[in-house]
Amino acid sequence: MGLASWLILLPFLTALAVLAVPARRPELIRWVALTGTGAHLALTAFTTLRFWQLASPDIAAAKIATLTKLYFVERVPWFKSLGVDYLVGIDGITMAMVILTSIIIFTGVLASWNVIVRTKEFFALLLVLVTGVFGVFLSFDMFLFFMFYEVAVLPMYLLIGVWGTGPKEYSAMKLTLMLMVGSAFILVGMLALYHYAGGTTFDLTQLAQHHYPVEMQRWVFPLIFIGFGVLGALYPFHTWSPDGHASAPTAVSMLHAGVLMKLGGYGALRIGVYLLPEGAQHWGLFFMALTTVNILYGAFGAIKQTDLKFFTAYSSVSHCGFVLFGVASLNLMGFKGAVLQMFSHGVMTGLFFALIGMVYGRTHTRIIPDMGGLAKVMPWLAVCFYIAGMASLGLPGFAGFVAESHVFLGGFFGNAWSDPLLTRALTVVATLSIVVTAVYVLRGLAKVFQGPITDPHFEHLTDATITEKLSTGILVVTLAVVGLVPGLLIDLIEAALLPFVNRLHATGALAVAGHP
Amino acid sequence: MLMLPELIVVATGFLLLVLDLFLTEKQRDLLVPLALAGVAVAAGALVLTPDTGVLLGGRFAMDALAWWFKLTFLLAAFLTIALTSGVLESAAPEARKLHSPGEFLTILLFNLTGMLLLASTRDLITLYVALELATIPLFLLAAWRRDALGGEAGLKYMVIGALASALLLYGFGTLYGLTGTMRLDAMPALLHADRTTLFAGALVVAGVGFKLTLVPFHMWAPEVYQGAPPPVTAWLSVASKAAGLAVLMLVGFRVFRPFLHDASFAIALLATATMTVGNLVAIVQRNILRFMAFSAISQAGYLLLGFLAGGSVGAAAMVFYLLVYAMTNLSVFAVIILHNQQTGSTQITDYRGLSQLNPLLALAMMFGLFGLAGIPPLSGFVGKFLLFSVAAQAGYHWLVGVAAVNSTVSLYYYLRIVRQMYIESPAQGAVPLKPGAMLGAALLVTTAASMLLGVVPTVYEAVRSSAAVWLQALGQ
């Protein structure tokens with residue numbers, strides 16, 4: 001069994017190990033979970049290094065390739081008569097997403113150190129969910145992909161329903177059902193892709209060699225894009241997201257906003273754009289317009305929020321809009337921006353939700369107007385919060401800037417299949433959201449952390465504990481490293497994204513030489 | 001040899017009937033193991049002699065798909081008897097006890113014989129007789145508890161069942177009138193695509209539709225499911241449905257095969273109506289048995305998708321899903337039966353906090369419900385996926401959408417039970433349920449089967465190749 005399989009299997013084995021520990025020893029359960037996810041982080045680091053060595057020499061070849069080259073491929077025939085394989089592999093996008101997920105689950109376990117209700121089930125479900133996430137990122141067989149996709153979504157119901165706060169049953173049900181309707185769309189699209197290609201394989205690399213009729217691409221692409229878009233908080237299908245995030249416990253919010261929502265952008269790119277380039281060309285402008293609404297709607301929505309979690313959830317809707325905006329702009333710059341934004345938003349929002357959980361654990365309120373002056377008693381948390389806020393409004397030096405600049409440049413470059421005037425206009429409008437973001441981030445943070453301490457109860461609060469410092473520290477460092485040395489990540493993903501662009505241009509008469 | 005399983009089951013039935021006369025109340029506890037042994041031997045005979053061939057001048061035939069149907073019937077019977085053991089034994093609490101275990105088991109076994117024969121029939125008369133044997137004993141079983149609900153269930157079932165039989169006979173009569181033959185295999189060549197053929201087909205579908213609970217022929221199901229003793233409900237929801245599918249496949253593929261393609265739109269509509277009505281009405285149910293009735297109705301809707309493509313892929317998808325559904329549904333019913341047996345309740349809200357009282361039972365029930373909803377990696381997912389794939393292959397992409405959205409709706413109501421079990425706290429004074437050994441074993445087997453069938457491809461591949469062989473024998 002190779003590295004790719006171990007990356008999927010390790011969290012699952014950790015979940016089993018957690019289940020084997022008696023429930024009366026919560027301390028041991030946490031340590032088992034932390035060891036498992038820590039080992040995963042190490043494995044991910046090792047895989048990244050190996051990947052680097054293997055993939056670097058191939059970057060030049062990728063410039064003209066129309067098929068993504070996979071590394072660490074493992075293929076085992078599964079349902080032979082259907083053409084279903086157990087097919088896992090790694091390319092640059094996958095690698096970036098695996099790094100992100102591995103960091104988030106490790107810090108998520110640290111941030112859940114104080115879960116005391118039904119600890120065992122909590123960690124087991126969390127790890128099963130992450131198994132699903134890794135499975136989605138690593139599988140290159142559509143059947144397997146879909147299977148993992150649902151495994152990643154469903155544990156959310158119990159995680160929010162049992163350990164959540166507020167109207168948790170409602171939020172959990174809304175979230176689950178909306179995402180499942182999304183996956184119903186995906187299923188229709190997937191089966192169409194399978195049968196139009198002859199009904200012999202679900203292998204993405206083989207399906208990519210089949211040319212689908214343009215008519216078919218035009219009706220399947222929106223199904224796939226919207227189906228995944230539901231998870232990626234595509235307006236107007238984002239409504240599960242604020243409720244879900246607000247009700248979820250800390251680690252679940254972190255994972256959900258940090259990683260799970262990325263599955264949406266990832267799927268739209270990997271299945272939608274990759275397999276259906278002509279469908280993407282047809283619908284690109286439409287989805288660019290829709291995601292512009294996404295970006296602005298989320299940002300304006302965040303201004304009005306008084307609950308820190310709703311605040312971050314709306315900000316996530318806005319930032320996930322960037323991901324889909326980048327995908328819809330259909331050029332290399334946009335795609336790179338989309339993947340970078342997935343990474344940077346994942347880390348950033350993970351940090352946000354971790355911090356909110358920590359602040360809430362102390363103040364027992366998440367209502368912004370009720371708080372004030374907290375920086376005096378919890379300087380570490382305040383500084384981290386500010387760093388997350390700055391990253392979120394795109395301050396250079398943090399990952400958010402790199403990602404957003406790519407996305408906006410990508411949008412501005414536009415593509416050969418959409419009116420350049422319109423794509424530019426949309427980009428300009430979307431860029432305005434940065435100003436709005438600055439307004440809500442600065443206002444919100446100033447209210448919570450600065451000024452005099454508003455409530456005498458707050459005077460005796462303590463700063464971050466060692467586990468909290470560790471989890472927030474890791475995330476802050478990641479944000480800064482990617483912000484300062486973005487080349488590390490960009491080199492990783494660019495070679496994987498070039499074939500996507502080449503496929504778009506290879507579709508026929510509309511290829512434009514020298515297009516960005 | 002070809003009829004060995006049927007003969008063993010009938011012999012066991014008669015043996016129980018006679019033994020019952022000589023046993024004391026206490027000794028009757030032996031009847032359950034005896035019945036189990038009979039069914040197990042029959043299943044063994046089936047597995048060890050997978051021969052194909054014809055008997056009785058071509059009226060009875062053993063073929064590749066009949067084998068799978070018989071296996072499903074025998075498995076379902078074995079598991080149902082195991083699940084019933086708790087309420088049949090003399091030590092069971094008086095209020096929930098099923099009286100006369102000997103007669104109960106005998107009737108169940110005769111019913112099973114009817115179903116086994118059904119899968120092998122090749123002409124209208126044998127088919128009709130087998131179908132009646134697979135139906136009439138169910139009226140008795142449904143009314144076994146002689147209370148108001150049980151009486152209503154039995155009576156309603158019988159009246160509607162008689163109507164269904166009448167429709168079916170009318171259809172068979174018309175077919176005979178059109179072709180002048182009783183043999184199913186001889187009919188396609190003699191039938192023409194005209195209105196009378198259509199009429200005959202519609203009558204047959206209506207008649208079988210009652211058994212398969214297709215909308216709009218599903219009206220009896222909720223009351224009967226609710227009024228019958230829960231183990232009988234389990235048997236009804238699995239075996240009776242399987243029998244319905246066996247008949248529909250016999251008639252659909254052997255008689256109406258040339259017209260299947262023309263009828264595909266009608267099939268699509270029937271499937272849409274069945275799953276949509278079943279799912280929407282299930283949402284508002286408070287009684288778990290009625291709930292399972294509507295759940296079972298919707299499952300029949302998914303099953304129908306297999307007829308759309310008309311090839312061996314469709315047949316294989318239906319048979320595989322039937323097996324998956326049987327295992328998954330029985331695993332859910334195992335918990336329902338146990339819960340009913342020890343609390344006397346059938347209310348969904350009485351499952352609250354089950355995960356804290358009986359973590360393993362709740363887990364098994366959750367897996368069962370997720371299996372019914374079609375969540376991977378459980379086999380329900382693969383089963384549904386195959387059926388949806390058949391619809392997509394036939395070009396019915398909109399129907400795939402309808403079916404997938406329906407699955408989501410079904411997830412909503414299955415999650416309602418999961419919510420009771422996992423999110424709500426146990427009621428005050430609630431005690432953990434204590435499963436008996438037999439029920440526990442049955443639950444373990446069904447849960448394991450419903451997981452493994454979706455991960456280990458062996459069974460599906462076997463069904464697939466059987467279906468291919470079967471269709472080849474039909475002469476494409």
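Let me start with one residue of chain B: B:Leu56 is partly exposed, because 14 other C-beta atoms lie within 10 Å, and a residue must have 12 or fewer to count as exposed, or 20 or more to count as buried. This leucine sits in the loop of chain B between β1 (53-55) and β2 (60-62), and its phi is near 50°, a positive value in a residue other than glycine. As a rule, most residues other than glycine have a negative phi, and most peptide bonds are trans. Please keep in mind throughout that what we are looking at is a predicted model.

Staying in chain B for a moment, we can turn to B:Pro50, which is placed in the loop between α2 (31-48) and β1 of that chain. Is B:Pro50 buried or exposed? It counts as exposed, because it has 11 C-beta neighbours inside 10 Å. The C-alpha atoms of B:Pro50 and B:Trp67 are separated by 7.3 Å, although the two residues are 17 apart along the chain. Further on, the peptide bond from B:Val215 to B:Pro216 is cis, with omega near 10°, and B:Pro216 lies in the loop that runs between α9 (195-212) and α10 (221-227) of chain B.

Now to chain A, beginning with how far the predictor trusts its own work. The mean pLDDT of chain A is 87, and 98% of its residues reach 70 or more. Confidence in this chain is highest in strand β2 (residues 84-90), at 92, and lowest in helix α3 (residues 59-62), at a mean of 79. I would ask you to read residues 509-516 of chain A with care, since pLDDT stays under 50 over that stretch, for which the model has twelve contacts beyond four places in sequence.

As for the overall form, chain A has 21 helices and two strands, and its C-alpha trace spans about 70 × 55 × 45 Å along its principal axes. A compact globule of 516 residues would have a radius of gyration near 24 Å, and chain A has 22 Å, which agrees. Of the 516 residues in chain A, 63% are buried, and among contacts with a separation of 6 or more, 81% join residues 24 or more positions apart.

One pair of helices shows how such packing looks in detail. The axes of helix α1 (residues 3-20) and helix α5 (residues 119-138) of chain A come within 8 Å and cross at roughly 170°. Angles over 145 degrees count as roughly antiparallel, and α1(A) and α5(A) are therefore roughly antiparallel to each other. The residues that meet include A:Leu7, A:Ile8 and A:Phe12 from α1(A), and A:Phe123, A:Leu127 and A:Phe134 from α5(A). By class, this contact has 15 nonpolar, three polar and one charged residues.

A single residue can tell a similar story, and my example is A:Ala354, found in helix α15 (residues 332-363) of chain A. Why does A:Ala354 count as buried? It does so because it has 29 C-beta neighbours inside 10 Å. Leaving aside its neighbours within four places in sequence, its contacts include A:Thr107, A:Thr250, A:Met254 and A:Thr472. With the last of these, A:Thr472, the distance is 7.3 Å from C-alpha to C-alpha, while the two residues are 118 apart in sequence.

Chain A also has backbone features to set beside those of chain B. A:Leu330, in the loop between α14 (308-328) and α15 of chain A, has a phi near 55°, a positive value in a residue other than glycine. This leucine counts as buried, because it has 30 C-beta neighbours inside 10 Å. A cis peptide bond, with omega about 0°, joins A:Tyr235 and A:Pro236, and A:Pro236 is in the loop between α10 (214-231) and α11 (240-247) of chain A.

Finally, let us bring the two chains together. How many residues of chain A are in contact with chain B? There are 25, and they contact 25 residues of chain B. On the chain A side, β1 (71-79), α6 (142-153), α7 (155-163) and α8 (168-196) each supply at least two residues, with the largest share, twelve residues, coming from α8(A). By class, that side of chain A has 17 nonpolar, five polar and three charged residues.

Terms used: Residues are numbered from 1 along each chain as its sequence is written. Chains are lettered from A and ligands numbered from 1 in the order in which they are written. This is a predicted model: local features need pLDDT of at least 70, side-chain atom pairs count only at pLDDT 80 or more; totals for chains, interfaces and linings use all residues. Two residues are in contact if their C-beta atoms, placed from the backbone, lie within 7 Å. Helices (H or I, at least four residues) and strands (E, at least two) are DSSP runs, numbered from the N terminus. Ala, Val, Leu, Ile, Met, Phe, Trp, Tyr, Cys and Pro count as nonpolar, Asp, Glu, Lys and Arg as charged, and the others, Gly among them, as polar. pLDDT is the predictor's confidence in each residue, from 0 to 100. The radius of gyration is taken over C-alpha atoms; the globule rule is 2.2 Å times the number of residues to the power 0.38. Axes are lines fitted to C-alpha atoms, for helices over the stretch in contact, and angles run from 0 to 180 degrees between N-to-C directions. Angles under 35 degrees count as roughly parallel, over 145 as roughly antiparallel, 65 to 115 as roughly perpendicular and the rest as oblique.
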